[in-house]
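Here is a quick walk through one structure, taken a piece at a time. Have a look at it first, then read on.

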Amino acid sequence: MATSYQGNVTSLTQSGRDAAAAPVIRTIGLAELGRALRRGWEDFKAVPTHAIILCVIYPVLGLVLARAVLGYSVIPLLFPLAAGFALIGPFAALGLYEMSRRRERGEQATAWDALEVLRSPSFGAMLGLGVLLLALFVTWVATAQAIYIAAFGYEGATGISDFASRVLTTSQGWWLIVVGCGVGFLFALVALCISVVSFPLMLDRHASAGDAMVTSLRAVARNPAPMAAWGLIVAVLLVAGTLPFFLGLAVVIPLLGHATWHLYRETIEPELNPQPLPPRAHRERKPAADFPANLFPWRRKDGA
C-alpha cells in the first residue's frame, strides 16, 4: 500500500548544482516519530515470519555472547555487548528497509525480495558505512573493558552475584555506572548522527556513504529534539528486547528496522525527478537437480 508523507519543508542553504541535488530535509516532531513506529509495526505484522527469520541471528548471537561471557569470566562485558546492538543495528536492518520500501510501492515483500538489497548499486557504500559502525562497536567494547579495569583492576568477577555486588554496593561501582553510561551515550550519539537516515538514503537514492552521512548529520541538526527522542526510543526498546534472554530482539529489531525506513520518509523530502536505473538482467532460477550441469553452461549450449 502506497503511503504519502507530509511535513514542513526547509530548503538547504548550499548554492549551485550541489544544493539542487542535495536532499531536502523536513522539520519533524514527536507526531512523525509515532507515525513511523506505527507504520513500522504495520510492516512487521504484514511480514512477521520473514522479519523474524531475517533477525533470528540477534537472539542467537545474544545467547552466544552471554555464554561466552560467563564461560570466560568476563561478565562485565555482557552489558556493553548487548548495548552495542544499537551501533550495528542500522546496517543489519538493510533487508528490512528493502521490505518496507517494496510495501510502500505496493509490491510484494518476501524474504527473497529482501535479499535484493545485495544487488543495489550502492551496496558497496552501505557496506563501507557498515564497516565503520562495526569499528565503532569494537572500539566501544574495548573502551568499556578499559573503564571496568580502571575501576576494579584486572581481577574478574566470580559470578553474576559478585559482579552485581561490586557494581551496586561500592563507590567504584557507582563510578563505573556513571562513566560507562556517559561514554556509551557518546558512542550511541555518534552512531545515531551518522546513520539515522544514511542507509535508507543510500538504498533509495543510491547516494555515496559520505553524502549519506552528511545528510544524516544535517537531519539531526535540523531536528535535534525529535532525533534525541528517537535515540531514547531505540535504547528503551533494545533494553526491553534483551528480556528474556535476548528473545525480544526478534520483535524489536524488525520493528525498529521498518520504523527507521518510515522515519527516513518523514524526514527527507522525496525526489521530484528521480533518475531511473537501467533494468537489471533477469536471473534465471535453476532447479537444484541441475546443480552439476549448471557449473558448465557452455556444454548445455553445445548439446554435449
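## Around helix α10

What covers the buried residues of α10 includes two other helices, α9 (123–152) and α11 (171–195). Keep in mind that this is a predicted model.

So which residues of α10 are buried? The helix spans residues 160–169, and Phe163, Arg166 and Val167 are the buried ones. They sit on the same side of α10, because the arc they cover around the axis is only 90°. Turn to the other side of α10 and you find Ser161, Leu168 and Thr169, which are exposed.

## α6 against α9

Helix α9 also pairs up with α6 (residues 85–92): their axes come within 9 Å and cross at roughly 165°. An angle over 145 degrees counts as roughly antiparallel, so that is how α6 and α9 run relative to each other. The crossing of α6 past α9 is left-handed.

As for who does the touching, α6 brings Leu87, Ile88, Pro90 and Phe91. From α9 come Met126, Leu127, Gly130, Leu133, Leu134, Leu136, Phe137 and Trp140.

## The nonpolar cores

The largest nonpolar core counts 57 residues, and Val196, Phe199 and Trp230 have the most contacts inside it. Take Val196: setting aside residues up to four places away in sequence, it touches Ala191, Ser216, Val220, Met227, Trp230, Thr260 and Leu263. There's also a second core, separate from that one, with nine residues. Ile75, Tyr148, Phe152 and Leu176 are among them.

## Ile233 and a long-range pairing

Ile233 is part of helix α14 (residues 224–241). Its relative accessibility is 25%, so Ile233 counts as partly exposed.

What does Ile233 contact, once neighbours within four places in sequence are left aside? Leu33 and Leu37. With Leu37, the C-alpha atoms are 9.9 Å apart in space, while the two residues are 196 residues apart in sequence.

## A positive phi at His206

One backbone angle deserves a look: phi of His206 is near 60°, which is a positive value in a residue other than glycine. Where does His206 lie? It's in the loop between α12 (198–205) and α13 (209–222). His206 has a relative accessible area of 30%, so it is partly exposed.

Note on methods: Residues are numbered from 1 along each chain as its sequence is written. This is a predicted model: local features need pLDDT of at least 70, side-chain atom pairs count only at pLDDT 80 or more; totals for chains, interfaces and linings use all residues. Side-chain values use heavy atoms; hydrogens and water are left out. A nonpolar core is a set of buried Ala, Val, Leu, Ile, Met, Phe, Trp, Tyr and Cys residues joined through side-chain atoms within 4.5 Å. Buried means under 20% relative accessible area, exposed over 50%, partly exposed in between (1.4 Å probe, protein chains only). Contact means heavy atoms within 4.5 Å. Helices (H or I, at least four residues) and strands (E, at least two) are DSSP runs, numbered from the N terminus. The arc is that of the directions from the helix axis to the C-beta atoms. Axes are lines fitted to C-alpha atoms, for helices over the stretch in contact, and angles run from 0 to 180 degrees between N-to-C directions. Angles under 35 degrees count as roughly parallel, over 145 as roughly antiparallel, 65 to 115 as roughly perpendicular and the rest as oblique. A crossing is left-handed if the near helix is turned anticlockwise from the far one by less than a right angle, and right-handed if clockwise.
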